[in-house]
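Please read the report below alongside the sequence and the coordinates. Which features of the fold and of the contact between chains can be described from the atoms alone?

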Protein chains: 2
Amino acid sequence: MRSKGFRASDNSIRRLSKYLRELKEMEKRGIEKVSSYVLGERLGHTPSQIRQDLSSFGDFGYQGYGYNVSSLRRSLEDILGKNSELTAILVGAGNIGKALLENFPFDECGVRLLGAYDVDPAVIGTEFRGIAVQSQADLDEELTLKVPDIAILCVPKTAAVETAEHLVERGIRAIWNYTNTEILPPYSPVILENVHFTDSLQTLCHYVAEAKK
Amino acid sequence: MRSKGFRASDNSIRRLSKYLRELKEMEKRGIEKVSSYVLGERLGHTPSQIRQDLSSFGDFGYQGYGYNVSSLRRSLEDILGKNSELTAILVGAGNIGKALLENFPFDECGVRLLGAYDVDPAVIGTEFRGIAVQSQADLDEELTLKVPDIAILCVPKTAAVETAEHLVERGIRAIWNYTNTEILPPYSPVILENVHFTDSLQTLCHYVAEAKK
């Protein structure tokens, strides 16, 4: 996982999503306020870690009271772009692409999916939750009409770099990359978020191998 | 993404996978040695970051020479458990599960997939790269015979916690979690690696929203 831009606080931002998930759970259970201590207990972080992460984005808590659950939840959603009316397209409706089209809670992230594209005639026309997969050949024209904020790249590894470069040429400025490939040169101004499954398994394998020693 | 155990160097370990990918590419192109400077250039890290990450695992480079590509590649594979003969099972062969069964390079990570399990009769019996999906009802018996090192959890969100707890009761000590749910209590001794797609998109959305401001 890698993101360009504000690298210093990248880990903090990732933890915000985790805090947000927990706050939503608490809200469901009718909990109105929470201390950094309790939040930390539930998530396996120290209270000071939580206070530090949150304080870099604003002043959310009250000394001796803690945080108001709903209001902190709303603030975190703001920070995580939920209210920024972001749009996305998905390119490559293979297994991973399909899994996202069928199941991923785009609403929860405040992202509106505008369309999905593939090159395979067997897949083109298939509908997932109201979105019919279109021919990738039509994508260029669509992009001249409207450039979405994010391209979700799920094409095969062999097509990854070429497709990414093409999308960037057509104005795409952020890519959610599922191709398990380095698609852009370092220091590219395009905002990139990699979901590198192999890196994730290798990290797990390191810990498992260490534990077996 | 979260792992228990050696939390301090978690980011370093994640970077090792990235270094490994680049080294493999270099090896393919016949490159025999590389400096931390060149490796850093290619990956967008400082040379000192790379030297620091590597030096926490051993003494791989030579002053004025740099690193031998093949030998560093082999060392990183060792650290990342490739030669530890790790085994895994996959539980839940829906879209994400299928995508992993069909495409994921388990060999590359040195992981041997022993079996796949699902509850859906329509999926049971389907074969993916030589692995036939078995009934999840048979899993308990399989686990009394042999406990794999890793369970890859791809069941629906609603079944996530229950299935994880069951697997842990049956001896599973490491979970690669694709359920987008917190499946274990904090401080659980089970080694956990989460692939939280929402956290990843929310992180990307944060950067995109910031860039749009």
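The following paragraphs go from the overall build of one chain to a helix within it, and then to the interface.

The model is predicted, and the description of chain A begins with its secondary structure, which comprises 8 helices and 9 strands. The C-alpha trace of chain A spans about 60 × 45 × 30 Å along its principal axes, and of its 213 residues 52% are buried. When contacts in chain A between residues at least 6 apart in sequence are considered, 58% of them join residues at least 24 apart. Chain A exposes about 9700 Å², with carbon and sulfur atoms supplying 49% of that area. Its charges number 25 positive and 29 negative, and the mean positions of the two sets are 7 Å apart.

Helix H1 of chain A covers residues 10-28, and its end C-alpha atoms are 28 Å apart, which agrees with the 27 Å that its 19 residues should span at 1.5 Å a residue. Is this helix largely enclosed by the rest of the structure, or not, and why? Because 14 of the 19 residues of H1(A) are buried, the helix is largely enclosed by the rest of the structure. After H1(A) comes A:Gly30, whose phi is positive, near 80 degrees.

The interface with chain B can be described by residues and by area. In chain A, 69 residues are in contact with 69 residues of chain B, and the area buried between the two chains is about 6000 Å², of which carbon and sulfur atoms give 63%. Of the area that chain A buries against chain B, A:Arg21, A:Gln202 and A:Tyr207 supply 12%, more than any other three residues.

Two residues of helix H8 of chain A, which runs over residues 197-212, illustrate contacts with chain B. A:Thr198 is found in this helix, and so is A:Val208. Their burial is compared in the table.

| Residue | State | Relative accessible area |
|---|---|---|
| A:Thr198 | buried | 3% |
| A:Val208 | buried | 5% |

With neighbours up to four places away in sequence left out, A:Thr198 touches A:Asn180 in its own chain, together with B:Phe104, B:Pro105, B:Glu108 and B:Cys109. What does A:Val208 contact, leaving aside its neighbours within four places in sequence? The partners of A:Val208 are B:Leu86, B:Asp149, B:Ile150, B:Ala174 and B:Ile191. Both residues fall under the 20% cut-off for burial, given the relative accessible areas of 3% for A:Thr198 and 5% for A:Val208.

Key
Residues numbered from 1 in each chain as written. Chains lettered and ligands numbered in written order. Predicted model: local features only at pLDDT ≥ 70, side-chain atom pairs only at ≥ 80, totals over all residues. Heavy atoms only, no water. Helix = DSSP H or I, 4+ residues; strand = E, 2+ residues; numbered from the N terminus. Expected span 1.5 Å × (residues − 1). Buried < 20%, exposed > 50% of the residue type's maximum accessible area, 1.4 Å probe, protein only. Contact = heavy atoms within 4.5 Å. Areas by Shrake-Rupley, 256 points an atom, 1.4 Å probe, with all protein chains shown as cover. Lys, Arg positive; Asp, Glu negative; His and termini not counted. Charge placed at Lys NZ, Arg CZ, Asp CG, Glu CD. Buried area = accessible area lost by both parts, 1.4 Å probe.
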